[in-house]
Amino acid sequence: MQTSVPDTFFSSPPHFRWLIVLYFFIGGLAGGALVLASLMRLFGRAEDRPLVHLASEVALAGAVLSAIILTVDLTRPLRFWHMVIQNHTGLPMFKWWSPMSVGVWGLLVFGVFALVAWLGALADQGRTRWGVARAAANPAVAAIGAVGGMAAGLFLAGYTGVLLAVSNRPIWADSSWLGVLFLFSGVSTAIAALLLGARWRGLELPSTIAWLVRFDRITLALEAIALVCFVVSLGAVARALVNGWGALLVLGVLGMGVLLPLGMEWRPRIHGAQRMALAAACVLVGGFLLRAAVLLSSEQVRVLGTHVIR
Amino acid sequence: MPFALPIAQPAPASPRPPAPARAAANASLAAAAPEPMGFFTDTTVCIGCKACEVACKEWNQLPARGDGGAHLEMSGQSYDNTLTLSGDTWRHVKFIEQFPEPYHGRWLMMSDVCKHCVQAPCLEVCPTGAIIRTEFDTVAIQSDTCNGCRDCISACPFGVIEINHVSGTAQKCTMCYDRISVGLEPACSKACPTDSIQFGPISELRTRAGARVAQLQAQGEKGAYLYGADPTGPLGGLNAFFLLVDEPEVYGLPREPKMPTRNLVRGSMLSTIGAFMMAFVGALSLRARRITEVQQASGPKGE
């Protein structure tokens with residue numbers, strides 16, 4: 001008798017629950033925010049600067065929060081430093097083939113670039129006269145920081161999906177599309193956060209906001225394509241999504257988090273500022289639900305003996 | 001430290017010997033290195049007594065399941081109440097109850113354990129270096145290094161590793177490293193009353209297992225085969241391999257266990273392409289905005 005249980009169904013769930021969902025969301029958003037700050041600093045104009053400053057703040061806050069969440073999620077939090085220093089030898093701990101190892105270093109590097117961007121933003125606004133901040137605001141340093149920040153931001157937004165794929169868990173390891181899906185989602189949630197932040201701070205930046213909305217449309221369209229590719233690439237394993245999580249992925253993520261805001265942003269001048277804010281809120285909720293659905297749908301699959309528990 | 005794995009401390013640094021001396025030293029080390037050791041589990045003679053489970057818990061000072069034994073948890077779906085390997089159950093005798101109708105069926109018993117894979121997925125992904133390969137070619141978790149990130153749990157294709165709630169670290173079978181390093185047999189195989197679990201050098205176990213399969217097939221059990229004994233098979237072979245008489249999935253084993261890094265290159269490449277697309281589209285749209293605004297600004301003047 002040959003059963004047809006996919007090989008990934010025999011692994012155990014690693015208990016990646018709400019804290020990891022939160023980290024994936026915040027990390028992606030922070031990564032996307034630094035990408036946007038870097039883009040505007042490198043290719044934008046002086047009028048975009050208030051939003052560059054806001055994006056730098058979001059990126060730095062996200063980096064700090066991410067580090068805290070990841071540490072708290074460890075079952076031995078006081079040993080968080082074992083990720084970067086070998087406790088037996090004192091030598092650096094790095095495995096280029098382990099996404100979690102690379103991710104820890106990536107978050108560290110991201111934090112440095114986010115800090116440089118934030119210090120530069122502070123000096124830009126004349127809120128500090130500290131020498132280091134003024135050095136960070138120097139055009140050459142800021143440009144180098146923006147290039148590095150863009151790379152680090154793109155990495156942080158996408159590596160979490162690759163981390164899940166480099167496992168033996170159902171759904172996660174059955175597709176290679178999670179990294180790129182999380183990347184697009186990270187950028188779109190960052191755009192949404194900046195749109196809401198700009199509105200909350202009362203920033204009057206029609207040209208910058210119009211660019212953000214245009215860029216968001218492209219990002220959301222790419223996210224929709226990546227989401228479809230992800231589900232199709234699962235093949236027979238997609239049956240593990242025939243449940244509430246699958247419904248959430250279709251209705252909550254694709255419907256509410258991508259297609260609805262895409263429709264609302266299609267003609268921003270017609271829909272007005274309030275509708276745009278609503279669209280941004282939908283993108284944020286959709287981005288969170290995407291991580292929740294992907295992580296928790298796999299977490300609930302477990303084979304006990306010959307019984308598949310779902 | 002009941003859960004700490006005793007690991008030999010590195011010798012103090014000594015001056016590097018010249019090249020010929022190094023070669024001679026390496027040769028003598030290779031000659032002195034122990035042979036790869038492992039388990040051969042013949043499931044056809046397992047009687048489900050769970051002596052191995054108990055011996056493992058006793059030797060390794062592992063607690064009972066759940067709340068420490070105050071309340072006995074019953075599975076309610078099998079005569080087996082352990083159900084799965086975990087952070088505090090490093091040996092588990094699976095009961096596979098194949099009874100399509102009452103009085104007609106069979107029991108399959110299999111004492112499950114860490115497979116000590118030659119290419120170990122858990123060791124590969126561990127970001128702290130807590131998971132190591134020992135001189136016996138077995139795989140062990142250093143409890144004083146593990147910080148409980150749980151990456152190894154999702155990497156293991158067999159569902160072997162779990163968090164031990166006493167130590168707060170990932171735990172699994174050590175193949176009784178403390179016993180075998182002083183020439184003793186692991187507790188489970190020592191306790192096994194039917195020799196279903198056999199311990200020894202891998203090469204010797206493979207020969208013995210091959211002969212047993214031939215014997216069973218000659219006796220009419222045509223479905224007998226070895227799972228994980230092939231060094232050219234998945235994961236480079238398993239240092240704890242099994243003789244089975246039904247499909248691997250029936251025993252809760254993946255047909256073709258894989259390395260988690262199989263997705264690394266493809267996943268990273270797709271993400272990198274996506275990252276370039278984001279950077280390119282973002283830069284291009286900002287440039288396009290500038291061009292449009294310049295055109296709009298110069299338009300009325302030109303008219």
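**Exercise 1. Find where A:I171 sits and state whether this residue is buried or exposed.**

*Solution.* A:I171 has a relative accessible area of 0% and is therefore buried, where buried means under 20% relative accessible area, exposed means over 50%, and partly exposed lies in between, for a 1.4 Å probe and protein chains only. Next, look at its place in the chain: A:I171 belongs to the loop between α5 and α6 of chain A, where helices (H or I, at least four residues) and strands (E, at least two) are DSSP runs numbered from the N terminus. Finally, check the backbone, where the phi of A:I171 is near 75 degrees, a positive value in a residue other than glycine.

Before going on, note that this is a predicted model, in which local features need pLDDT of at least 70 and side-chain atom pairs count only at pLDDT 80 or more, while totals for chains, interfaces and linings use all residues. Residues are numbered from 1 along each chain as its sequence is written, chains are lettered from A and ligands numbered from 1 in the order in which they are written, and side-chain values use heavy atoms, with hydrogens and water left out.

**Exercise 2. Describe the surroundings of A:F155: which residues does A:F155 touch, not counting residues up to four places away in sequence?**

*Solution.* Begin with the element, which is helix α5 of chain A. With a relative accessible area of 27%, A:F155 is partly exposed. Then list its contacts (heavy atoms within 4.5 Å): beyond four places in sequence, A:F155 touches A:V102, A:G103 and A:G106. As a last step, compare sequence with space, since A:F155 and A:V35 stand 120 residues apart in sequence but 9.8 Å apart from C-alpha to C-alpha.

**Exercise 3. Work out which residues touch the most other members of the largest nonpolar core.**

*Solution.* A nonpolar core is a set of buried Ala, Val, Leu, Ile, Met, Phe, Trp, Tyr and Cys residues joined through side-chain atoms within 4.5 Å. The largest one holds 94 residues, and those touching the most other members are A:L36, A:F110, A:L164, A:F215, A:F230, A:L249 and A:V294. Helix α1 of chain A, residues 18–43, provides the largest share of this core, with 15 residues. Now take A:L36 by itself: leaving aside neighbours within four places in sequence, A:L36 is in contact with A:V187, A:A190, A:I191, A:L194, A:W211, A:L212 and A:F215. There is also a second, separate core of 62 residues, which includes B:F40, B:L62, B:C156 and B:Y227.

**Exercise 4. Describe the largest pocket and say which element gives the most to its lining.**

*Solution.* On a 1 Å grid over the protein atoms alone, a cavity is a set of points where a 1.4 Å probe fits but cannot get out, whereas a pocket is an open set with protein on both sides within 12 Å along at least five of seven lines, and lining residues have an atom within 4 Å of a point. Grid points are joined across faces, edges and corners, and a volume is the space filled by probe spheres set on the points. The largest pocket has a volume of about 860 Å³, and among its 28 lining residues A:L205, A:P206, A:I209, A:A210 and A:V213 lie nearest its centre. At least two lining residues come from each of α6 (178–201), α7 (206–233) and α9 (268–299) of chain A and α8 (264–302) of chain B, and α7(A) gives the most, with seven residues.

**Exercise 5. Explain why B:C114 and B:C173 do not form a bond.**

*Solution.* A disulfide is a pair of cysteine sulfur atoms within 2.5 Å. The closest cysteine sulfur to that of B:C114 is in B:C173, at 5.7 Å, which is too far for a bond. Both residues are nevertheless buried, B:C114 at 7% relative accessibility and B:C173 with a relative accessible area of 8%. Over all chains, the count of disulfides comes to zero.

**Exercise 6. Identify the buried residues of α2(B) and what covers them.**

*Solution.* The buried residues of this helix are B:C52, B:E53, B:A55, B:C56 and B:K57. Their cover includes β2, β3 (104–112), α6 (187–191) and β8 (197–201) of chain B. Just after α2(B), B:Q61 takes a positive phi of about 55 degrees, and B:Q61 lies in the loop between α2 (51–59) and β2 (92–101) of chain B.
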